[in-house]
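Biologist: I would like a close look at one single part of this structure, explained for someone in their first year. Could you pick one piece, walk me through it, and then show me the setting around it?

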Amino acid sequence: MNKTVNQKAWFLVLPVLLLVAFSAVIPLMTVVNYSVQDTFGNNQFFWAGLDWFRDMLSSERMWDALVRQLIFSAIILAIEIPLGIFVALNMPKRGFWSSFCLVTMSLPLLIPWNVVGTIWQIFGRVDIGLLGYTLDALGIDYNYTQNTIDAWVTVIVMDVWHWTSLVALLAYAGLRSIPDAYYQAAKIDQASRWAVFRYIELPKMAGVLMIAILLRFMDSFMIYTEPFVVTGGGPGNATTFLSIDLVKMALGQFDLGPAAAFSLMYFLVILLISWVFYTVMTNLDKRDGAQ
Amino acid sequence: MMAKITLDNLAHSYLAQPRSDDDFALKELNHDWADGEAYALLGSSGCGKSTLLNIISGLLIPSQGRVLFDGRDVTHAPTAERNIAQVFQFPVVYDTMTVRENLAFPLKNRGMDAAEIARRVQRVGKMIDMEAQLNHKARGLTADAKQKISLGRGMVREDVNALLFDEPLTVIDPHMKWELRTQLKKLHHDFGHTMIYVTHDQTEALTFADKVVVMYDGRVVQIGTPQELFERPAHTFVGYFIGSPGMNLFDAQVDGRTARINGTPVDLGHSYRADGAMQIGVRPEFIRLSTTEDGIPARIRRVEDVGRHKILRLEVNGHEINAISGEGDVIPEGANRITFAPEGVNVYANDWRISPLGEAA
């Protein structure tokens, strides 16, 4: 087949280029611009080189927030992924109750994030919240505004409540794509329930689970609204995650330079972790296939 | 270890409350599958073949009737208790396992010792011609390689009550089909399992089985040897479905020894009692061309030479009729009638074959 060469075709790419430029490249470059300059107001900027990056890398505050963030994401994934799979495995396969479960489980996903935060903020209050009041009445000492552990538990339970459905729905979609013949063959082969999960369901869900893990990792690593509404980052800095800290720095203290350097590093960390995860998973896949 | 399988008053409907006969995917059926025999279950898609198979293996509980293994009622027993191997139409392999692990899986689940597993896996690996790939992951293989593994997982169990195959060679290429079918026959010969082989391919059915069970619309219409199915189709569907081309059917008025087809009298050789819609069935092999005044008027429309023989496409009273003539036979000039070889004539009342009067069925 002969291909026509026509350099004018490049113009067809132009709209996309413009769109991406305005939506991603230019804003990102603004941040890059801030990160290498200093300002004392009046829209006057001075070249600062890599000073802000150096500052941030040696900033204990940022490292603490990063550690908190990593712990938070790890806990979230460790709970939501297995729980989501468990829920998906136990959902009805067809009929009215299957639709009922799907709709009910989608509900938390539809609630705006700050509303979720508000719901839990009130829910957990010892004076008027159902959860806080009940725990208090049972004699359990619970107060998320003062106790670090309580604050963490509240934020984590809230995130599990909000997002486990997503994992469950994705896992359910993966499960539904398995033809009945697989289960029938497993019965004929006398496979145990565990073997069915390990050798049929898990491999067939692997693709969607990878997406679920990536989505939940990225989202939890960038989490801002919900913990901000519930705990405001407290008590102290106990639940001050990266985004909360970043907003405090950029808008609270108006330290644009350090905040910009901070965001760039933040961005690179997410990119790096996601890339490593994706590469490792797809390579595992390829090695399986080749051998 | 092997068993006679008895189906007693068996029927199945996928509806919770079946009202009429039409609601049944499998209509009432009584049949013994003799121990150690190779059966083919033949019929077009959706005729209830797979339903019947799944009931025997225990994947489906019938809505009515019983399944007996050597007289023991297993109607509600789970698949595991029945000790049956089944291979499905579309390949099922455990993706993350190697070919070897796949073949060993059913044995491992039954707690067999490692040395015996290794021996059997090696034997089956050779049978399905995959010895060289035993250590490969099953995931990257082609569809027919995967189906060979599925077959292998069925064949690796030597002590089963029965081996069931649900159109297992659909995805396999023609050359390998012959090869695998030969292997299955050899397996049957070596171990004497009861085998039930579901297919919609008549060649496959006729070459594989000692006995062919033909199903039509949820009903077993005939059970017989390939020869019986060819010479005495019990139902017009069997006549039409088996044979290439299938049996010709002529609407007729039957009166004793004589049938009238479009007004032309035809001698049937025996007396029949007319009852309902009568048809005369004649396979293409038994139709002769005639240049004389006897016979039914016909017009030759086309002659297809398929190498072994010629297929004549004829028109009789507006209907297409097929006849087969020998490769070397000359088609007589001016042939405008057809006659039937008497041994090839079957008489049908309401689609079911009837026997001549004074002769047992």
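Modeller: Happy to! Let's begin with a word we will need: a residue is called buried if 20 or more other C-beta atoms lie within 10 Å of its own, and exposed if 12 or fewer do. Please keep in mind that this is a predicted model.

The part to look at is helix α5 of chain B, which runs over residues 143-155. Helix α5(B) has 13 residues, and from its first C-alpha to its last it reaches 18 Å, close to the expected 18 Å. Is this helix mostly covered or mostly open? It is mostly covered, with eleven of the 13 residues buried. Among them are B:Ala145, B:Ile149, B:Leu151 and B:Met155, and also B:Lys146, B:Gln147, B:Ser150 and B:Arg153.

What do those buried residues pack against? In chain B, they pack against two strands, β6 (84-87) and β7 (162-166), and against the helices α3 (99-108), α4 (114-127) and α6 (174-191). Two of these partners also stand out in the predictor's confidence: among the elements of chain B, α3(B) has the highest mean pLDDT, 92, and α6(B) the lowest, 81. For chain B, the mean pLDDT is 86, and 99% of the residues reach 70 or more.

Now zoom in on one residue of the helix. B:Lys148 is found in α5 of chain B. Why does B:Lys148 count as buried? It does so because it has 28 C-beta neighbours inside 10 Å, and the cut-off is 20 or more. Leaving aside neighbours within four places in sequence, B:Lys148 is in contact with B:Ile128 and B:Met130. For a sense of distance, take B:Phe250, which is 102 residues from B:Lys148 along the chain: their C-alpha atoms are separated by 44 Å.

Let's step back to the chain. The domain assignment gives chain B a domain 1 (5-241) and a domain 2 (248-354). The centres of these two domains, taken over C-alpha atoms, are separated by 38 Å. Where they touch, six residues of domain 1 of chain B are in contact with eight residues of domain 2 of chain B. The touching side of domain 1 is made of two nonpolar residues, three polar and one charged.

Chain B as a whole has nine helices and 22 strands, and its C-alpha trace spans about 75 × 45 × 35 Å along the principal axes. Of its 361 residues, 42% are buried. The largest nonpolar core has 83 residues, and B:Tyr39 is one of those with the most contacts inside it. Beyond its neighbours within four places in sequence, B:Tyr39 is in contact with residues including B:Trp33, B:Ile196 and B:Val213. Apart from that core lies another, of 25 residues, with B:Leu268 and B:Ile287 among them.

Finally, one of the helix's partners leads us to chain A. The contact between the chains takes 23 residues from chain B and 17 from chain A. On the chain B side, α2 (79-82), β6 and α3 each supply at least two residues, and β6(B) gives the largest share, three residues. That side divides into eleven nonpolar, seven polar and five charged residues. For the complex, the predictor gives an ipTM of 0.76 and a pTM of 0.76. So strand β6 appears twice in our tour: the buried residues of α5(B) pack against it, and β6(B) is part of the side that touches chain A.

Definitions and conventions
Residues are numbered from 1 along each chain as its sequence is written. Chains are lettered from A and ligands numbered from 1 in the order in which they are written. This is a predicted model: local features need pLDDT of at least 70, side-chain atom pairs count only at pLDDT 80 or more; totals for chains, interfaces and linings use all residues. Domain bounds come from an automatic or database domain assignment. Two residues are in contact if their C-beta atoms, placed from the backbone, lie within 7 Å. Ala, Val, Leu, Ile, Met, Phe, Trp, Tyr, Cys and Pro count as nonpolar, Asp, Glu, Lys and Arg as charged, and the others, Gly among them, as polar. Helices (H or I, at least four residues) and strands (E, at least two) are DSSP runs, numbered from the N terminus. The expected span of a helix is 1.5 Å times one less than its number of residues. pLDDT is the predictor's confidence in each residue, from 0 to 100. A nonpolar core is a set of buried Ala, Val, Leu, Ile, Met, Phe, Trp, Tyr and Cys residues joined through C-beta atoms within 7 Å.
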